[in-house]
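Thanks for asking me to look over this model. I have put my notes into numbered points that you can follow with the structure open beside you.

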Amino acid sequence: MKDIIITVLDKYSDELEYARSIGFDQHLKLDNYKEIYDDLSWHVVAIIDNSIISTIRITPFPNSPIHDWTNNKIRLPLDKNVVNVTKGFTIPEYRNTGIFKIIFSTVLDFSKKRGFDFAIGGYIPSVESRKFTNRLGFEEIDQLLEVGVPPYTKDELIPIICDLKKNEQKYKAEYLKAKLQTETNGLSVTKKNCE
Ligand SMILES: CC(C)(COP(=O)(O)OP(=O)(O)OC[C@H]1O[C@@H](n2cnc3c(N)ncnc32)[C@H](O)[C@@H]1OP(=O)(O)O)[C@@H](O)C(=O)NCCC(=O)NCCS
């Protein structure tokens, strides 16, 4: 079994920059992946042998990449009880092991524990993560936006929202299922400082 630590970073790092450069591999290559939101966010990360293999960024109000990327043309709430969840990926070597589900459910649990009521985000139709985000409790907002979500410059975004209290059982159940899946794939998950 390989040990994976799930933890939360409160600032951007060289390790995150490196992970992004290989995690967004099929998409546009950038010279620099850091964004203005990165030092204003939490980053839930999965670490193996000191390397980040999967992550999602949590950006609290008043910052909202989703609203900025869509020029505020989005019908999602922007309020002090809302977090944005963006910039998610798993590096290719560890895909399809269940680790992204671990990260995403931890993101929702952490946000609720920090007192937030809603998580908003968007899924990209070409990535087809819809079934999975629905299982976590996300609902789609009836709007498809053509936007440039870095680094997916020519893509579309379907806005989604999760009521963190209403769906707590859903994302906790998804976490437990994903934990079994990661174990089947030889990965042993431990959470540290995610409360
Ligand atoms: C999409 C991605 C994050 C999935 O990461 P992962 O660690 O392999 O995901 P998991 O093994 O935890 O599976 C999570 C769910 O994602 C979906 N999924 C996994 N791989 C996928 C793929 N290649 N394409 C589309 N959906 C995928 C599935 O619904 C899966 O759940 P299920 O197997 O129970 O149905 C990963 O393929 C990735 O990093 N891709 C490039 C970056 C990217 O597209 N990020 C945007 C995410 S909106």
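Here are my points, starting with the whole chain and then moving through its strands, helices and loops.

1. A reminder to begin with: this is a predicted model. The chain holds five helices and nine strands. Reading from the N terminus, you will meet them in the order β-α-β-β-α-β-α-β-α-β-β-β-α-β.

2. Two overall figures help to set the scene. Of the 195 residues in the chain, 38% are buried. If you take the contacts between residues at least 6 apart in sequence, 76% of them join residues at least 24 apart.

3. Do have a look at strand β1 (residues 2-9), which pairs with strand β9 (residues 187-191). These two strands run parallel and are joined by five bridges. One place to find the pairing is Ile6, which stands opposite Lys191 in β9.

4. β1 also pairs with strand β2 (residues 42-48), this time in the antiparallel sense, again over five bridges. Which residue of β2 is the bridge partner of Thr7? That partner is Val45. Ile5 offers another landmark, as it stands opposite Ile47 in β2.

5. β2 has a further pairing, with strand β3 (residues 51-60): the two run antiparallel and are joined by seven bridges. Val44, for instance, has Ile56 in β3 as its bridge partner. As for its surroundings, β2 is largely enclosed by the rest of the structure, because five of its seven residues are buried.

6. The turn between β2 and β3 deserves a moment of your time. The two strands form a hairpin with two residues between them, and Asp49 in the turn has a positive phi of about 45°. Asn50, in the loop between β2 and β3, has a phi near 70°, a positive value in a residue other than glycine. Is Asn50 buried or exposed? Asn50 counts as exposed, because it has 7 C-beta neighbours inside 10 Å and the cut-off for exposed is 12 or fewer.

7. Just past β3 there is a peptide bond to check by eye. The bond from Phe61 to Pro62 is cis, with omega near 10°. Pro62 has its place in the loop between β3 and α2 (65-69).

8. Now to helix α3. It has 15 residues and reaches 21 Å from its first C-alpha to its last, close to the 21 Å expected at 1.5 Å a residue. Since 13 of those 15 residues are buried, α3 is largely enclosed by the rest of the structure. After the helix comes Gly115, whose phi is positive, near 95°.

9. How do α3 and α5 meet? Two packed helices are described by the angle between their axes and the distance between the axes. Here the axes of helix α3 (residues 99-113) and helix α5 (residues 168-184) come within 8 Å and cross at roughly 150°. The crossing is left-handed.

10. To see that contact in terms of side chains, look on the α3 side for residues including Ile99, Ile102, Ser105, Leu108 and Asp109, and on the α5 side for residues including Glu168, Tyr171, Tyr175, Ala178 and Thr182. The residues of the contact divide into six nonpolar, three polar and seven charged.

11. Two other α5 residues are worth a visit. Gln181 lies in helix α5 and is partly exposed, because 16 other C-beta atoms lie within 10 Å. Leaving aside its neighbours within four places in sequence, Gln181 is in contact with Thr97 and Gly98. Gln181 and Thr97 are 84 residues apart in sequence, while their C-alpha atoms are 6.5 Å apart in space.

12. Lys177 is also found in helix α5. With 14 C-beta neighbours inside 10 Å, Lys177 counts as partly exposed. Lys177 and Ile102 are 75 residues apart in sequence and 9.0 Å apart in space, C-alpha to C-alpha.

13. Finally, please follow the chain to the segment after β9, where Asn193 lies. Phi of Asn193 is near 55°, a positive value in a residue other than glycine. Asn193 counts as exposed, because it has 10 C-beta neighbours inside 10 Å.

How values were computed: Residues numbered from 1 in each chain as written. Predicted model: local features only at pLDDT ≥ 70, side-chain atom pairs only at ≥ 80, totals over all residues. Axes fitted to C-alpha atoms, helices over the stretch in contact; angles between N-to-C directions. Helix = DSSP H or I, 4+ residues; strand = E, 2+ residues; numbered from the N terminus. Left-handed = near helix turned anticlockwise from the far one by under 90°. Contact = placed C-beta atoms within 7 Å. Nonpolar A, V, L, I, M, F, W, Y, C, P; charged D, E, K, R; others polar. Buried ≥ 20, exposed ≤ 12 C-beta atoms within 10 Å, placed from the backbone. Pairing = 2+ DSSP bridges. Expected span 1.5 Å × (residues − 1).
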